[in-house]
Amino acid sequence: MPESEDQPVRPASTVRRRPRLILMTAVAAVLAGCTAGPSVRPAVIDNDGKTTPGSSTAPQQVPLPPLTEPRSPSIKWDGCDEATRQRLGPPSVPDTLKFSCARVPTTLDAPDLPGRGLSRLSVVKTGDGPIPLVVVNDVDGEPGSLYAARLAAALPPEYLQKFSLIGVDRRGTGASMPVQCIPGEIRADLLGADPAAGDLEPVVDAARKAGQQCAIELDDSQVAMDSWRAAGDLEELREQLGMDKLHALGRGDGSKVLAEYAVRFPAQVGRVMLDGLPDPAADAAAVQESVAASAQATLDAFGADCIARGCPIGDARSAVTAVADRLRGAPATTTDGVEVTPGIAIYAVHAGLAQRSRWVELAEALKTAQTGDVTPLAAFAEPVLKDSRARPTRLDGTLATKCNDSATRLSAEELTRVTTTLRDKYPQFGVFAAQQLAWCSPWPVRREPLPPAGAPGAPPILVAGTATDPVTPEQGTGRAADQMPSAVTITWQGAGHGALPLSPCVTDATRAFLIDGKIPVDGTLCPA
């Protein structure tokens, strides 16, 4: 859409790609229920000159690649219906979905590991569509193989007529040689920062013990768990799938892996949709403040939704505070012996807020927790607290990946200052957000430079943001998109983590992009 002279100045990256956007949007379909809205990205101006016709600064348009079937794939698939359904647990997926599993050898690529070493990636194929669509989830979320299975059950049938979803358990997670190096009691301490705490000394102490144990258990591979190397895993997977291009869908932190894939392998990028992106800002404390603010806003959205349904808990903020206060006076234990502290309760609430489909369950869990029964609420934190061979904890791989992805380490004084500030501004989730800054305090500082932003030379990449997202706040997703020359954004004005498949508008836009090759208008808004 043409800009008038008196419109606000957009970020320079958006101005530079206007010629490309005009060409692309000329063929875009009008999306039912969606509108082209004003940019919600921050107004960053890094030049004061006007773009002149024929300017060499405009990037050359890279067309969206066609969908082609695999040629000479080398992956050997085995049926694994029963095993996958056991891993999924409730809620079940339809019996019509069939699953196949494979183990894909990849390069471990640890900096100090002689011979570079080998890793094994666990992947699950859902559906029989002719085109592989790789699915990557948050490192702290459900393993990608299981997330892809649930996504397949929720998407319109057109998706599985065209694609088979290839869910990837990222290195160090799920069934991909999972990291299991933190003692169980230490996990509880890492998550247990009281929302009323003034410092994070207990969390820092737990992080020190966790780091020491992981250094012993993982040895040279400790620093090989990061998003950059996970992107390399996807390139090896693409080759073994027999694909000329990688067609993929990422969610949250999983989108970060695909964004880094686009930086490393721009010529191999196919049709890619990123459902939420982490904030790329270097100021880790500011990023975590954004998470705390968005979590508070999501709690309010949850409360409004709860009231509309005839909420059993009354005011959501008051209910969460009441549960934390009760547990502070008398920590409760679940029916299977897990002690629930105020910090673990807040972690569980945040996990529930991220899963929009479980909001009714979360409301009931808060209701029972107010009476002393914390078992339903603790179920939201169970995937990180419990660890077994069949269901590895999600926390250990999360800590390793996020600490290796970051070069930021805060001193004790800085952590205390940040904790106090966030606690006062965001009573429910300030300390929760701050504690993740403490996790990496004793972890080895990344020796390699952080990967560059951008992905110049990649085709259009669809980036979806959610207005109220407690995990990847929309402002951060916008900043990440601003650094990608070929990004085309669409925003769901709803609440929860990720827009797909919760928003019919985003789901339809994604279908049109991935299947039909139709690129939406940059800045499209989808109603809540």
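This is a short tour of some strands, a helix pair and an aromatic cluster in a predicted model.

**Stop one: the strands.** Start by selecting residues 78–79, which make up strand β2, together with residues 99–107, strand β3. The two run antiparallel and are joined by two bridges. To find one of these partnerships, pick D78 and look across to C101 in β3. Now add residues 118–126, strand β4: β3 pairs with β4 in the antiparallel sense too, over nine bridges. Click on F99 and you will find T126 of β4 standing opposite.

**Stop two: a helix crossing.** Next, select helix α3 (residues 81–88) and helix α4 (residues 144–154). Their axes come within 10 Å and cross at roughly 95°, so α3 is roughly perpendicular to α4. Which residues make the contact? Show side chains for T84, R87 and L88 on α3, and for S145, L146, A149 and R150 on α4. Colour them by type and this contact of α3 with α4 divides into three nonpolar, two polar and two charged residues.

**Stop three: the aromatic rings.** The whole structure holds four aromatic pairs. For one of them, zoom in on F429 and F432, whose rings sit edge-to-face, with 6.1 Å centre to centre and 80° between the planes. Are these two residues buried or exposed? F429 has a relative accessible area of 0% and is buried; F432, at 4% relative accessibility, counts as buried because the cut-off is under 20%. Finally, add Y347 to the selection: ring pairs link Y347, F429 and F432 into a cluster.

How values were computed
Residues are numbered from 1 along each chain as its sequence is written. This is a predicted model: local features need pLDDT of at least 70, side-chain atom pairs count only at pLDDT 80 or more; totals for chains, interfaces and linings use all residues. Side-chain values use heavy atoms; hydrogens and water are left out. Axes are lines fitted to C-alpha atoms, for helices over the stretch in contact, and angles run from 0 to 180 degrees between N-to-C directions. Helices (H or I, at least four residues) and strands (E, at least two) are DSSP runs, numbered from the N terminus. Angles under 35 degrees count as roughly parallel, over 145 as roughly antiparallel, 65 to 115 as roughly perpendicular and the rest as oblique. Contact means heavy atoms within 4.5 Å. Ala, Val, Leu, Ile, Met, Phe, Trp, Tyr, Cys and Pro count as nonpolar, Asp, Glu, Lys and Arg as charged, and the others, Gly among them, as polar. Rings of Phe, Tyr and Trp (its six-membered ring) pair if their centres lie within 6.5 Å; planes under 30 degrees apart count as stacked, over 60 as edge-to-face and the rest as tilted. Buried means under 20% relative accessible area, exposed over 50%, partly exposed in between (1.4 Å probe, protein chains only). Two strands pair if DSSP finds at least two bridges between them.
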